[in-house]
Structures are given as C-alpha cells and as structure tokens.
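Biologist: I should like to learn how a helix and some backbone angles are read from a model. Could we begin once the structure is in view?

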Amino acid sequence: MLRKFASVLAIGLLATAAQAQSYPDKPIRMVIPFPPGGGTDILGRLVAQKLTEANKWTVVPDNRAGAGGTLGITEAARAKPDGYDMVMGQKDNLVVGPWLYKNLPWNPTKDFVAVAHVAWAPVIIATSANSKYKTLADVVATAKAAPDTITYGSPGNGTTIHLAGDQFEKAAGIKLRHVPYKGSNPALLDALAGNVDLLVSSLPSAMAQVKSGKLRPLAVTSAKRSSTLPDVPTVAESGYKGFDVSTWYGLLMPAGTPQAQVRTMNAAVNKLLATPEMQKAIHDQGAEPQAMTAEAFGKQVTSDYHQWGKIVRDAGVKIE
C-alpha cells in the first residue's frame, strides 16, 4: 500500500514538474485596464512585446477600460488561475479603487498574487506650452488671488493622479477646480488645447508631448527628480517639504495561480528589466525600471493598500 501511494505521489510530482517546464505552451493574455495611449497601456504593451521577443512566447495585450481601471481588474480576478491570464495593474486601480467603489468583487490582497514589479513613475504637473504659467509658483499665486478658477485635468475621479492634485492643493493652501476625464489621453488633449489650465498625469502618459515641447512641465510629485527630466523640480523643492506621490506598474495573476508559473514570469520580467535596451525603453517613457521578487512586490501592494485607504478617507472622495 505504501509503495503504491509513493508511486502515485511520484507520478503526480513528475506531472507537476513537467507542466511547469512546459509553461507557457499557449498564448498569455495581459489585461490592460485602461484605454490605449495612457501610461499603463504604453508600459503594458512594451512588456508584452519584449516578453514575446525574448522568450518566443505569445503575450497578447487586451484593453479592458472603465471605472478608473477597476473593470479590467475585475475581468482579471475572474480569470482561471492557471498562469495564462495576468493584469498590468498600478496604484490607481489596485490599491486606490477598492476604497472608492462600493461592492467591488475583489480585494487586491486576497484575490490576486503579485507576480512582477515593472516600474515606478512620478506624477507630473504640467501645462500647455502656450500657457501663462511658467512655474508652480505662478500657479499658486494665481490660485490664492482667485480661488477655484484654475482648472486641472486628471485621468478620473479618485485616481492616484487626482489625489496627487488634491494633496497638492492642501499642501499649498489653495483651491483648484478638478476636471475628471475617462483616461489620461483625453485629459492630455484638452490640456494641449488649453481647455484646462493644468494637466496632472503620470509621466509616461505625458512624456511624448513633453519631449515635443508642446507640454511645459512645472513639477514632479515624487520625492526625487525624474532621471528622465532632471531639470524639472519636485513639488517638495518648490516649497512643500515632504511632498511625495508616485505610482507604480506591475503584473498580477488571479489568486491560486501555481507558484511555478509565478516564479517563471517573475524571472522572465526581471531578466528583461536588467537589459540596457529595456531600461532605456522604460526611461524613454518617463518611468523608472525596478525589479522585485514576487514576495517583495506583494508586500508593497499590501502596504500601499492600507496607506491609501487613509488618504482616500481624508480626501473624502467616494464614487457611487
């Protein structure tokens, strides 16, 4: 009986090992929970393309936009946990969204397994090249003289970007008028057209227009300057000590995905992030590549989830 049990166990272990070695043997879907053109889409497609090229895999981007990115996250949470569905998530949808939307059918710490951190990026405060605002101090001075008259566009209510704007208002003691859009690209287009005075955006979403000279960066919200825009001051350097808001991008899979698949994907992404070509590609988009173990990324998701719950409550933002 014991010999029979040992034989069955050995067969099962061999089958599991063989399955892990053959992974992936079919296309992998990468859910991107925002429309084309934004920072999450740009970085997600870059990672999908490079994973495909480097490993001879087929990684297929799938844009599932809506509700501040939470619809795409919901789609990914419902997927089969077999390693063939993953999502390019970030702070907005994963750790901020659950505090904003009632009755979301998932929790980032329980219904997902963190797979690979890809990059972090500052939030940028910018304006059209034709704008009268040359510095952040210009914005503050005008806002104090005429409260609630300066408009700023963001990718949507309750996003990290929106909350970065809210945090800046509080730090500077001013009142701006928030104009939410359905994604980064519509907000960017209206800022370029002068329909809103300012754009508050992730740097990857705005980088192309900054490079072209059509968008004037006033400040970044991270604790340190962006290596891509070293001449642009931080909000903290502009007189608001301790100000630090940034976002990150990373891959997650549904909870229950076998650890062998998680480890395989983590190793593949981290190997990519170590290459000069990938580092340059991410830097060119205004983000900072940063590899992590799956465990370290999971701890960051959990920590940020609880930290941003307090920020959302303090801001009094709710979306029905």
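**Helix 11 and the backbone angles**

Modeller: In this predicted model, the buried residues of helix 11 are A294, F297, V301, D304, Y305, W308, G309, I311 and V312.

Biologist: How is the spacing of such a list to be read?

Modeller: An α-helix has 3.6 residues a turn, so residues three or four places apart point the same way. Here, F297, V301, D304, Y305 and W308 are among the buried residues of helix 11.

Biologist: Which elements do the buried residues of helix 11 pack against?

Modeller: They pack against helix 4 (91-100), strand 4 (112-128), helix 6 (160-172), strand 9 (246-254) and helix 9 (259-273).

Biologist: What span should helix 11 have, and how far apart are its end C-alpha atoms?

Modeller: At 1.5 Å a residue, the 22 residues of helix 11 (294-315) should span 32 Å, and the end C-alpha atoms are 31 Å apart, which agrees. Just after this helix, G316 has a positive phi of about 70 degrees.

Biologist: How should backbone angles be judged?

Modeller: Most residues other than glycine have a negative phi, and most peptide bonds are trans. K56, a residue other than glycine, has a positive phi near 60 degrees; K56 lies in the loop between helix 2 (39-55) and strand 2 (59-63). N103 likewise has a positive phi near 60 degrees, and its place is in the loop between helix 4 and strand 4.

Biologist: Is K56 buried or exposed?

Modeller: K56 is exposed, because its relative accessible area of 72% is over 50%. N103 is also exposed, at 75%.

Biologist: Which peptide bond is cis?

Modeller: The bond from Y23 to P24 is cis, with omega near -10 degrees. P24 is in the loop between helix 1 (2-22) and strand 1 (28-32).

Note on methods: Residues are numbered from 1 along each chain as its sequence is written. This is a predicted model: local features need pLDDT of at least 70, side-chain atom pairs count only at pLDDT 80 or more; totals for chains, interfaces and linings use all residues. Side-chain values use heavy atoms; hydrogens and water are left out. Helices (H or I, at least four residues) and strands (E, at least two) are DSSP runs, numbered from the N terminus. The expected span of a helix is 1.5 Å times one less than its number of residues. Buried means under 20% relative accessible area, exposed over 50%, partly exposed in between (1.4 Å probe, protein chains only). Contact means heavy atoms within 4.5 Å.
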